[in-house]
Amino acid sequence: MRERIREKFGELFQRFVPLGFKLEHLDEQWEYTEEPHVIRRQAILKKYPEVKKLMGYDPTTAVIVSLEVIFQIIMCYLLHSASWVTIVVLGYVISATLNHSLGSAIHEIGHNLAFGHKHPLWNRALGMLANLPMVIPMSVTYKKYHADHHRYLGHDTIDVDIPTVIESYLFRHPLTKILWLFLHPVIHGLRPYFKNPIPVITLEIVNFTCQVVFDIVVFYFFGMRSFMYLLTGTMFGLGFHPLAGHFISEHYLFTKGQATHSYYGPLNPILFNVGYHVEHHDFPYIPFTKLPELKRIASEFYDPLPYHTSWVKVLWDFIFDKDLGPQARGIGYLPQGVTEDDIIKKTTKDTKRNGKED
């Protein structure tokens with residue numbers, strides 16, 4: 001099947017290799033030409049030009065964000081004197097779900113899909129609103145780095161979604177991978193500043209200020225317990241939580257070579273259809289409400305691809321499969337015509353030759 005997919009859609013989409021593989025073969029020639037979805041996008045538009053009509057924006061995002069923010073504020077009021085056990089349980093079940101949903105909304109808004117490209121400041125303001133219950137300022141910064149994730153998908157320096165070298169070595173045992181998942185919100189938030197720092201912009205300062213003011217208001221009027229309800233929601237929701245399986249499912253090499261995987265399961269509506277991830281990378285300017293329609297129109301480009309149906313299973317496999325972990329994040333590329341097997345055979349021959357010489 002992989003050969004048929006390569007022949008039909010171009011080989012870049014099937015030429016990703018694990019980060020760990022590159023680290024073991026740094027002496028090989030590596031090249032980065034373009035992000036792997038360009039060829040797919042061109043092929044789909046050539047055959048189905050009507051896909052362009054799906055591009056645009058959908059203000060539905062603003063309605064959903066507003067309702068979720070209001071709900072979280074109401075929960076803060078209701079939980080101001082709740083027990084700590086209640087705070088932790090509801091933080092994991094309710095706050096984590098809603099805050100991760102708001103995080104996915106920030107992703108959607110980061111592409112200007114709420115109000116369109118003609119109103120960038122409206123989108124930034126909505127992103128800051130979605131950010132409020134998450135306690136930690138991130139909306140504007142996320143947009144800044146996420147643009148490079150799309151433009152340089154698989155570039156192990158510029159794409160800051162790719163784990164660092166230290167992560168790829170430290171977190172390979174099931175217990176350490178569980179720890180990595182728990183720490184994911186912190187690691188993911190700090191990684192850009194160490195890996196590929198970009199100067200702070202004015203809107204980030206505005207985002208930070210608005211967030212701090214909101215946090216102080218929550219703490220002052222509702223108290224520590226309500227504040228922790230929101231904070232644990234962010235830490236749980238973006239960490240060791242079923243919804244966080246999408247972080248792993250999207251670009252880790254569950255299928256050899258495949259740069260991106262989609263998830264078609266019941267949790268997509270909660271996260272603004274972020275599971276339609278191949279579709280999203282093919283066409284980042286199609287709003288979440290129309291991604292299923294894209295898949296329907298261009299089904300021959302999506303149906304043959306391996307996909308996920310359970311984020312829980314994704315997390316299970318990530319933890320217990322020895323070949324998975326931060327080191328299994330996909331990157332590109334070996335030179336055209338060269339495969340992982342070619343490199344392994346070459347390395348084996350070199351090792352045997354050196355052994356004989358010794």
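Asp 323 and Lys 322 are both exposed in this predicted model. These two residues form a salt bridge with each other, in which the closest N and O atoms are 3.5 Å apart. Side chains of opposite charge can pair when their charged atoms come close. Across the whole structure, a search identifies 13 salt bridges.

Another of these pairs joins distant parts of the chain: Lys 144 belongs to helix α7 (residues 139–151) and Glu 204 to helix α10 (residues 202–222), with their positions 60 residues apart in sequence. The side chains of Lys 144 and Glu 204 meet at an N to O distance of 2.7 Å. Both partners, Lys 144 and Glu 204, are buried.

A further salt bridge connects the side chains of Lys 295 and Asp 303, with an N to O distance of 3.0 Å. The two ends of this pair fall into separate accessibility classes. Lys 295 has a relative accessible area of 19% and is therefore classed as buried, the limit for that class being under 20%. Asp 303, with a relative accessible area of 46%, is partly exposed.

The cysteines were examined for covalent links, and the structure holds zero disulfides. For Cys 76, the closest cysteine sulfur is that of Cys 210, at 17 Å, which is too far for a bond, given that a disulfide requires the sulfur atoms to lie within 2.5 Å. Likewise, the cysteine sulfur closest to that of Cys 210 is in Cys 76, so no bond can be assigned at a separation of 17 Å. Cys 76 is buried, with a relative accessible area of 1%, whereas Cys 210 is partly exposed at 36% relative accessibility.

On the surface, a nonpolar patch is formed by Ile 70, Ile 74, Tyr 77 and Leu 78. Together, these four residues present about 420 Å² of accessible area. One member of the patch, Ile 70, is located in helix α4, which spans residues 60–78. Ile 70 counts as partly exposed because its relative accessibility is 47%, and the partly exposed class lies between 20% and 50%.

Confidence in the prediction was also considered. The average pLDDT of the chain is 92, and 94% of the residues score at least 70. Over residues 1–8, by contrast, pLDDT stays under 50. For this segment, residues 1–8, the model has twelve contacts beyond four places in sequence.

How values were computed: Residues numbered from 1 in each chain as written. Predicted model: local features only at pLDDT ≥ 70, side-chain atom pairs only at ≥ 80, totals over all residues. Heavy atoms only, no water. Patch = residues over 30% accessible without salt bridge, like charges linked within 9 Å, V, L, I, M, F, W, Y side chains within 5 Å. Areas by Shrake-Rupley, 256 points an atom, 1.4 Å probe, with all protein chains shown as cover. Helix = DSSP H or I, 4+ residues; strand = E, 2+ residues; numbered from the N terminus. Buried < 20%, exposed > 50% of the residue type's maximum accessible area, 1.4 Å probe, protein only. pLDDT = per-residue confidence, 0-100. Contact = heavy atoms within 4.5 Å.
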